[in-house]
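Biologist: Hello! I am new to this structure; could you walk me through it?

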Amino acid sequence: MSDESQSRIQRWRAALTTQHLPCDIWLIVAVVALAGLGWIMVSSASVGLLENSFHYTRQHGVFLLLAIIACLFMLCVPLEVWRQNAALILLVSIFMLVLVLVVGQEVNGSKRWIALPGPLPSLQVSELAKIGLIFYMAAFMSRFTYELRQRAFTMWRPLAVLAVPASLLFLAPDFGGMVVYTVCVIGMLMMCGASLTLLLGSGGVLGFGAVMMVVMEPYRLARWTSFLDPWADQFATGYQLTQALIAFGRGHVTGTGLGNSVQKLHYLPEAHTDFIFAVVAEELGMIGAIAVVLLFTLFIVRAMWVGRRAELAGHLFGAYVSYGVGFIVAAQAFINMAVSSGLLPTKGLTLPLISYGGSSLLVTGMMIGLLLRVDAETRHRPRRTPTPYRARREPRLS
């Protein structure tokens, strides 16, 4: 490589790096762009759903404000506080998952929400439980990094803990939430350096269990068969997917224009929540859909980079928290967009930062605050002085 090419690469690297900045500016750019686009698309997709066309616009704005407050709160709290209370937070999360099975609201055959008093919106417990799961797994992996890397069967301990909230979600039932939780924990174990052979074996067992759950439940089997050929029964089991595919077809390359979607006018169910990506594809076209994918890719890459920098600096708890956030957002975004485009069976998962939903936005704001906190602690304390225990347990990071 010539000197001119090397100097050009160095100039690009200097222009794009965030090393000398107070925060990860690219992460913030991705978050602001996704949140802003989400507010616009919720406003567009919810037109005509109620007599007051601006109801969902105002509500989503309030949820965004609450998400910003939650983000700032998580940014101000030291990570050590969450590490010390990780087990308690997980226990509270499990208790809430049990509580929702007893007193939760049943919507579309699933108990996922707890009704709050007064004008407050319902609370989706499975969203909040993601935080408890991430905290506990990050605390466990930061403490037992050496055992997870050198003693393969140590990984069964976090998998056994995962089985508790996953089983409660199965009883809800919330199959999509189970998949997101599982992807998060297995992804964190992979980044921790656990045995890849056992991880693949565990993934195979979980995949077999998922197939059995589909076969045993008639409504899940109907969703699977409709996913394979939605046009065979397009006015019943395949209705949602066929309407979403029509939205994709109408969008072409440049889209029909903002606000000009036809499918959102009582044709596409849940157009402002689960299937908002189809409205994006219809109104903004292939260009808009690709832009959303690229923004999520930027967000996930920066989350993983924040985690990697923290790991190299010895901040293991913060590193695994970042990895957990990255895997949860990646899994949920992929599943939502794959469902809307017909790559996966229909699942009730929101698109982070874009879909309408108070619980989803609140928890996503908390996770963004955690990422910013990990990044801030890594920048302000570039290298953690290892204690004798840490030096013995984590020789790879010394």
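Modeller: Gladly, beginning with a term: a nonpolar core is a set of buried Ala, Val, Leu, Ile, Met, Phe, Trp, Tyr and Cys residues joined through side-chain atoms within 4.5 Å. Buried means under 20% relative accessible area, exposed over 50%, and partly exposed in between, with a 1.4 Å probe and protein chains only. This is a predicted model, in which local features need pLDDT of at least 70 and side-chain atom pairs count only at pLDDT 80 or more, while totals for chains, interfaces and linings use all residues. Residues are numbered from 1 along each chain as its sequence is written, and side-chain values use heavy atoms, leaving out hydrogens and water.

Biologist: Which helix gives the most to the largest nonpolar core?

Modeller: That core has 108 residues, and Phe 135, Met 141, Leu 189, Phe 296 and Phe 299 touch the most other members. Helices (H or I, at least four residues) and strands (E, at least two) are DSSP runs, numbered from the N terminus. With 16 residues, the top contributor to this core is helix H13, residues 276-312.

Biologist: Which residues is Phe 135 in contact with, leaving aside its neighbours within four places in sequence?

Modeller: Contact means heavy atoms within 4.5 Å. By that rule, and with those neighbours left aside, the partners of Phe 135 are Met 74, Trp 82, Ala 86, Ile 89, Phe 317, Val 321 and Leu 370.

Biologist: What order do the strands take in the open sheet?

Modeller: Two strands pair if DSSP finds at least two bridges between them. S1 (residues 105-107) and S2 (residues 110-114) are antiparallel over three bridges, and two bridges join S2 to S3 (residues 123-124), also antiparallel. S1 and S3 are the edge strands, each pairing on one side only. The order is therefore S1-S2-S3.

Biologist: Which residue takes a positive phi in the hairpin of S1 and S2?

Modeller: Beside this turn, Gln 105 has Trp 113 as its bridge partner, and Glu 106 stands opposite Lys 111. Two residues lie between the strands, and the one with a positive phi, near 55 degrees, is Asn 108.

Biologist: Is Arg 112 buried or exposed?

Modeller: Arg 112 sits in strand S2. Its contacts, not counting residues up to four places away in sequence, include Val 100, Leu 123 and Pro 173. Because its relative accessibility is 16%, Arg 112 counts as buried.
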